[in-house]
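Work through the following exercises with the structure open beside the text. Each task is followed by a solution that proceeds step by step.

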Amino acid sequence: AFFRVPEDDFSLPQAFIDRCAPLWHPDITPDRNRILMKELSLAFNRSFSLDLFRKAVGPVIADTIKNKYAPQQSIDLFAMTSAIAIRFAVRVVFGKRFYDEHVDDLIKMVKPLEEDIMSPINSFFPGWPLPPNRRMAKFSATMKKWIDREIGLRIDSGFKDDGGNKMDDYLQHLLDSQVYRDFAFAIVPHASMILIAAHTNTAGTIGWTSYHLARDPQLQSEVRAQLDAEKATTTETRVATMPTTTAAMDLFSACIKESGRRYVPVYLLRTVMHDTEFQGYFLRAGENLAIGTACMALDPAVFDSPLKYDPRRWMDGRTDSIVHGREVAMFGAGKHKCLGERLALMTFRQVMFPALLGDYRIELVDGVDAEEALPDYFSTVSTPFSSKPVHVRLVPLAK
């Protein structure tokens, strides 16, 4: 499943930036962007940083679920996962003070922003001064005002929090880096883009996994038992990537991978190195191809019953679950692999799902036909939400 990209100089990151030009800065050259990506990789992949993030954001998510969502009798599942994903991203990227001041506003702003980025009018007329671009420009100006104020407060305090401690967030990492010294103007657009990227994939994956766990109480119980056992045996931050063999695949990882297979629409951009023929198509050296792993993931020639949510297809050594590493690439593959994979998997395993499943049972609200939940691929930047609300409740577990 692939299509040719006609432009010789096509760049997938640039194509995305073109769709949301008001959020970016024209002086962020490819070389500067590579430096930004290097800093992102350093911050999001070191064990020390991940441990700081987990300890900072874990109580925030647990308290939010306990005090805001658990008392409700009917919760819009994807609205909840969107909100807690934004809370997670804002705390990790911008720190506690910024979180306290702005997170409630950002919860209202980020999803509509994604809808503007993906809107048909923006697809056909990117960069034109039409309503989606005007709203993106307003969002960008607001973020600049807020982030500039936060940076100013940090300078005044010697980059210490109210307790005299060094800040524990990604913004502080950037302020300590070459980025702040050499091209500080890039911090606002870069951090804003990271907020968007951290939202849609995190919220969508948590939402669909929670939805299927609610549909299958036995599977939910088994996943809860696994996470409870892990929490009881270690207090360390787990730093890992997705297992790539059936022997290494545990049930929780299999649930996340199956959600990725079923819902994450990843395209891998690759260049043909040699003239070749593939299934009747002649591919010339130098051509760019966009490979649709999401198409393969729903192909019955590749996966048995591809529309069925079946985490155990990745376990038990079944023929259709042998992992070659390429059938499902929810975090991309090769040198273009998502730099936030370790942070995302740590967050799923040690923050989000322990908070959701540790003290609660997720139930679909009576009257909701679980089969009606279908993905809407046109209103989020990446992982879709449900096309219609899915309502759940969090039922406290008997202790």
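**Exercise 1.** By class, how many nonpolar, polar and charged residues does the lining of the second largest pocket have?

*Solution.* The model is a predicted one. Begin with the pocket itself, whose volume is about 590 Å³. Its lining comprises 25 residues, and those closest to the centre of the pocket are Lys231, Gln350, Val351, Pro354 and Ala355. Next, turn to the secondary structure: helix H3 (47-69), helix H11 (217-233) and helix H14 (341-357) are the elements that each give two or more residues to this lining, and the largest share, 8 residues, comes from H3. Sorting the lining of the second largest pocket by class then gives 9 nonpolar, 5 polar and 11 charged residues.

**Exercise 2.** In what order do the 3 strands of the open sheet lie, and which are the edge strands?

*Solution.* The open sheet has the order S2-S10-S7, with antiparallel pairing. Strand S2 (75-76) and strand S7 (360-364) each pair on one side only, and they are the edge strands. To follow one of the pairings in detail, take S2 and strand S10 (residues 391-396), which run antiparallel and are joined by 2 bridges. Here Asp76 stands opposite His391, a residue of S10.

**Exercise 3.** Describe the ring pairs in which Trp208 takes part with Phe78 and with Tyr263, and place them in the chain.

*Solution.* The structure holds 12 aromatic pairs. For Phe78 and Trp208, the ring centres are 4.9 Å apart and the planes stand at 65°, which is over 60 degrees, so the pair is edge-to-face. This pair links distant parts of the chain, with Phe78 in helix H4 (residues 77-94) and Trp208 in helix H10 (residues 187-215), 130 residues apart. Because its relative accessibility is 4%, under the 20% cut-off, Phe78 counts as buried, and Trp208, at 1%, counts as buried too.

For Trp208 and Tyr263, the centres are 4.0 Å apart and the planes are at 10°, which is under 30 degrees, so the pair is stacked. Since Trp208 lies in helix H10 and Tyr263 in helix H12 (residues 251-263), the pair ties together parts that are 55 residues apart in sequence. Both Trp208 and Tyr263 are buried. As a last step, ring pairs link Phe78, Trp208, Tyr211, Tyr263 and Phe385 into a cluster.

**Exercise 4.** How many disulfides does a search of the whole structure find?

*Solution.* The search finds 0 disulfides. Two cysteines can then be examined for burial: Cys20 is buried, with a relative accessible area of 0%, and Cys255 is buried, with a relative accessible area of 1%.

Notes
Residues numbered from 1 in each chain as written. Predicted model: local features only at pLDDT ≥ 70, side-chain atom pairs only at ≥ 80, totals over all residues. Heavy atoms only, no water. Pairing = 2+ DSSP bridges. Helix = DSSP H or I, 4+ residues; strand = E, 2+ residues; numbered from the N terminus. 1 Å grid on protein atoms, 1.4 Å probe; cavity = no way out; pocket = protein on both sides within 12 Å on 5 of 7 lines; lining within 4 Å. Points joined across faces, edges and corners; volume = space filled by probe spheres on them. Nonpolar A, V, L, I, M, F, W, Y, C, P; charged D, E, K, R; others polar. Disulfide = S-S within 2.5 Å. Buried < 20%, exposed > 50% of the residue type's maximum accessible area, 1.4 Å probe, protein only. Phe/Tyr/Trp six-rings, centres within 6.5 Å; stacked < 30°, edge-to-face > 60°.
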